[in-house]
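Colleague: Please take one part of this model and look at it closely. Then show me how the rest is built around it.

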Amino acid sequence: MTTTFQLRVNGRPAPVTCEPDTPLLYVLRNDLALNGPQFGCGLGQCGACTVLVDGKPVRSCVIPVRAVGKAAVVTLDGLAKDGAPHPLQRAFVEAQAAQCGYCTNGMIMTAKALLDRDKAPSEAAIRQALSGHLCRCGSHNRIVQAVRRAAAGPA
Amino acid sequence: MGAMPQASGQLTRRRFGLGLGAVVATFSLVPVGGRAQVVEGPPPMSFAKNKRLEGWIAVSDDNVATIYTGKAELGQGILTALAQIAAEEMDLGLDQVRMVSASTARSPDEGYTFGSQSVEQSGSALRAAGAQARWLLVAAAAERLQVDASTLKVERGRVRSADGRQLAYGEIVRGDAALLERDVSARVRPKPRAEHKLVGRSVTRIDLPGKVMAHGVFLQDMRLARMAFGRVVRPPSPGAVLETADEKRVRALPGVVAVVRIASFLGVVAEREEQAIAAAKALQASARWTAGALTLPDENRLPQALKSFARDDTVIKETGKPPEPATVVKWVEASYSRPYLSHGSIGPSCALASFADGRLTVWSHTQGVFPLRGDMALALGLPPQSVDVIHVQAAGCYGHNGADDAAFDAALLARALPGRPVKLQWTRQDEFAWSPIAPAMLMEAKAGLSAEGRIVDWNYELWSNTHATRPGQPGGLNLLGAWYLGEGHHVSPPLKIPQPFGNGDRNAVPLYELPRQRIVHHLLTEMPLRTGSLRTLGGHGNIYAIECFMDELALAAGADPVAFRLAHLPDPRARAVLQAAADAAGWKPGAASDGKRGRGVAYARYKNISTYVAVVVDIDFDRASGKVSLVRAVAAVDVGQIINPDGVVSQCEGGIVQGLSWALKERMRFDALAVTSVDWAGYPIMTFDEVPPIEIHIVDRPDAPPLGAGEATVGPASAALANALAHAAGKRLRDLPLTPERVKAIL
């Protein structure tokens, strides 16, 4: 039964009308035209679709829209403030921490959740936080460096 | 400054022509006089099909150059390297070039983006075209400013005279819009290396800001007006024939706008993506298929299976005479294998197609827009000029994945809905089970050692299915969907690709000093699993086997692995990378393992004509569990002239991670009917906690031609890892992957 949900995405109200069990990913991408979360597996295995729901990284390909409720959803599209890139976005470019960039969304979103609770995570903590995210181009070490760089703040 | 003609005659084609005699016919520009030099040697190969300068470069009023390349960004950073080359030659800033990549509508035809050849091919074309364009612009400025062209300097697209007057490229083309409309010429001398400001420097990848800012750069991010969503329903096993499907019921499901069934091809289009998914599921549940005749081999007896397939044998190299029996004091024999491998792209294939007024437009992440257009046009019964294929970036591509097949699937669905664009997304299962996979390979080696510890006889044979089944290949129509249309389309027969490129036999001829060698390629002509091109083709399997075998020979000769290789390696560039990697890793000749820590080395020159690489891998080995932990990888690479140093490092790091992951973990699984590795749980790859620190050392060769860096490290990384494990374990596992249970089985 098609239902209208009053989502809150990237700080704005976002009403969407769809079946309640529609994965959040499709609503974000197709109804709200957001480009951050990507479809990678639809199984919650790779992390490319990660968004923050009330600050926690969530695989948007497996969470139905009805489960989101009034929680604040933040996507990569919403990280920049007044056009200025988020420190993680800046750090990923500075560290050249991507080749194809398809997994980057998930890396940045999970790293943001990590940095929000631990301002200076160890390298091991970063690797641990990202261990559920797959990268196929082999940019792993650069991604870890980018997160460290963002944590260290502007030089 | 680049080549600077002294002639400053009025810049019309006619005047140019009159002054240059025989060149009139083609309007080619030959710089005359002064220090301008005519380039000797053959023109860039990409000019053969793309003869017009305006097809490569356009300058607009706002002083921006649009650079057209036939190569595609696959995540390897090629557009940045090409932008550097073009901007360098034209004396523009990197921010003043706009890259347009592979498109049948707009770009030059440069075939496929593969084989680490883009810098060599498109790069040399853009270098020549850029030099010619700059020469034309400067000559035009000289005419306008009434000065000798040799007195002009260019910076950021502004031509300045000695007396301080200036004219921007944009202003010049405003005055003569047809200035760059002429035949391309490779005869203007490009800038000497000493004057390079952009080439040779690490620059920020031009595509990364858009990606990290979610600016919608991916094909998946395209949204066209009235766009509908498509899914295809694949058979339960390859070759199965569709008997029935409840099309009527599925057509009545919410949002469904079309169910497309053509013989055994089945797909659905809906208003919303989740509706397409639901409809595809319903369609799949209702479909009844008859399995094809195909039976897959036993995945646990791959070497035996490969030897049993029908085949076509070629002796690809035979030199020297077998040595006198007495000169061989020791024979060493070994058999190596690798399993079928998946591309494992993070994004399953995707395509967008629109069919209107008899014209088809397809947006695809294909590696070859022109060949894909050809095969699609053939399959759809359309003239090729009624089909356009436009490359748009998607997730990283490491070869022939499902991109082309998805493009054709999208075209079939869009044809059923004229006027409505269809976005077709493959599922994770579609990508794993239906895209071409890399062939399993078997390599057998036998060599004789002399009393002096030299290799005096080398015999090597390899068995592999074809690594080349792309669209555009003769004798078939290489699009998955086409095989199910009931029209008799089938895959091309296996292709023999001559050395040194090779197919499964890529890198099968070692570059070691081997007075007597015999190398046989058994090209398998029976293909139960659909195979295709993955990064390095057969290069991975052959480098893995040869470099493991070199270690086994060194052991038999009582020699250190690095010293043994050096003793058989005449090429100074090869020796340099091997020595550099050994030095950087702190290689200790003859160091024994404590049974826990292992160290291995491997060397290769990719395709025997491209990048030189040596890799040293350190591991920790847990004998009780058989588990290998990677401690460090150190590589030295020689890519000739470097366009973007950080780009080279990044590509080499990526190749090492992939080579380590293939060797350590990867294996496509299947049963008698179909592939069973259909998600990431069934096909694990290396993750953050497993990737070791990686150091890349570049051996700078500024005067050597630039070589591609994308593939060279993969094979050596796998081999160095296997050698490290043999070092620590004291025994060798020759069949990949080196998973704990398999390691334990040999202890």
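Modeller: Two strands count as a pair if DSSP finds at least two bridges between them. Keep that rule in mind, and remember that this is a predicted model.

The part I pick is the hairpin of E18(B) and E19(B). Five residues lie between its two strands. Gly453(B) takes a positive phi near 80 degrees in this hairpin. Strand E18 covers residues 441–449 of chain B, and strand E19 covers residues 455–464 of chain B. The two run antiparallel and are joined by nine bridges. For one example, start at Leu442(B) and cross to E19(B): the bridge partner there is Trp463(B).

E18(B) has another partner as well. Strand E13, residues 330–338 of chain B, is joined to E18(B) by nine bridges. This pair also runs antiparallel. Here Glu333(B) has Lys446(B) of E18(B) as its bridge partner.

How many of the nine residues of E18(B) are buried? Eight are, so E18(B) is largely enclosed by the rest of the structure. To be buried, a residue needs 20 or more other C-beta atoms within 10 Å of its own.

Now set a second strand of chain B beside that picture. Strand E10 runs from residue 265 to residue 270 of chain B, and six of its six residues are buried. E10(B) is therefore largely enclosed by the rest of the structure.

Which way do its residues point? In a regular strand the side chains alternate between the two faces of the sheet. In E10(B), Phe265(B), Gly267(B) and Val269(B) point one way. Leu266(B), Val268(B) and Ala270(B) point the other way. All of these residues are buried.

E10(B) pairs with two strands named here. One is strand E9, residues 256–262 of chain B, which runs antiparallel to E10(B) and is joined to it by six bridges. Val260(B) has Gly267(B) as its bridge partner in E10(B). The hairpin of E9(B) and E10(B) has two residues between the strands. In that hairpin, Ala263(B) takes a positive phi near 55 degrees. The other is strand E7, residues 228–233 of chain B, which pairs with E10(B) in the antiparallel sense over five bridges. In this pair, Arg231(B) is matched with Val268(B) of E10(B) as its bridge partner.

Next, a helix of chain B. H9(B) spans residues 369–380, 12 residues in length. From first C-alpha to last it reaches 16 Å, close to the 16 Å expected at 1.5 Å a residue. Its buried residues include Val369(B), Phe370(B), Leu372(B) and Met376(B). Arg373(B) and Asp375(B) are buried too. What do the buried residues of H9(B) pack against? They pack against strand E15 (359–364), strand E16 (387–391) and helix H10 (403–415) of chain B. Just after the helix, Gly381(B) has a positive phi of about 70 degrees.

Chain B also meets chain A. The contact takes 47 residues from chain B and 46 residues from chain A. On the chain A side, helices H1 (24–31), H2 (87–94), H3 (104–117), H4 (123–130) and H5 (140–152) each supply at least two residues. By class, that side has 22 nonpolar, 20 polar and four charged residues.

Chain A itself holds five helices and five strands. Along the sequence they follow the pattern β-β-α-β-β-β-α-α-α-α. Its radius of gyration is 15 Å, which agrees with the value near 15 Å for a compact globule, because the chain has 155 residues. Buried residues make up 55% of chain A.

The domain assignment splits chain A into domain 1 (3–78) and domain 2 (87–152). Their C-alpha centres lie 21 Å apart. Their contact takes 14 residues from domain 1 and 13 residues from domain 2. On the domain 1 side, strands E3 (50–53) and E4 (56–59) of chain A are the elements that give two or more residues. E3(A) gives the largest share, three residues. That side divides into eight nonpolar, five polar and one charged residue.

Terms used. Residues are numbered from 1 along each chain as its sequence is written. Chains are lettered from A and ligands numbered from 1 in the order in which they are written. Helices (H or I, at least four residues) and strands (E, at least two) are DSSP runs, numbered from the N terminus. The radius of gyration is taken over C-alpha atoms; the globule rule is 2.2 Å times the number of residues to the power 0.38. A residue is buried if 20 or more other C-beta atoms lie within 10 Å of its own, exposed if 12 or fewer, and partly exposed in between; C-beta atoms are placed from the backbone. Two residues are in contact if their C-beta atoms, placed from the backbone, lie within 7 Å. Ala, Val, Leu, Ile, Met, Phe, Trp, Tyr, Cys and Pro count as nonpolar, Asp, Glu, Lys and Arg as charged, and the others, Gly among them, as polar. The expected span of a helix is 1.5 Å times one less than its number of residues. Domain bounds come from an automatic or database domain assignment.
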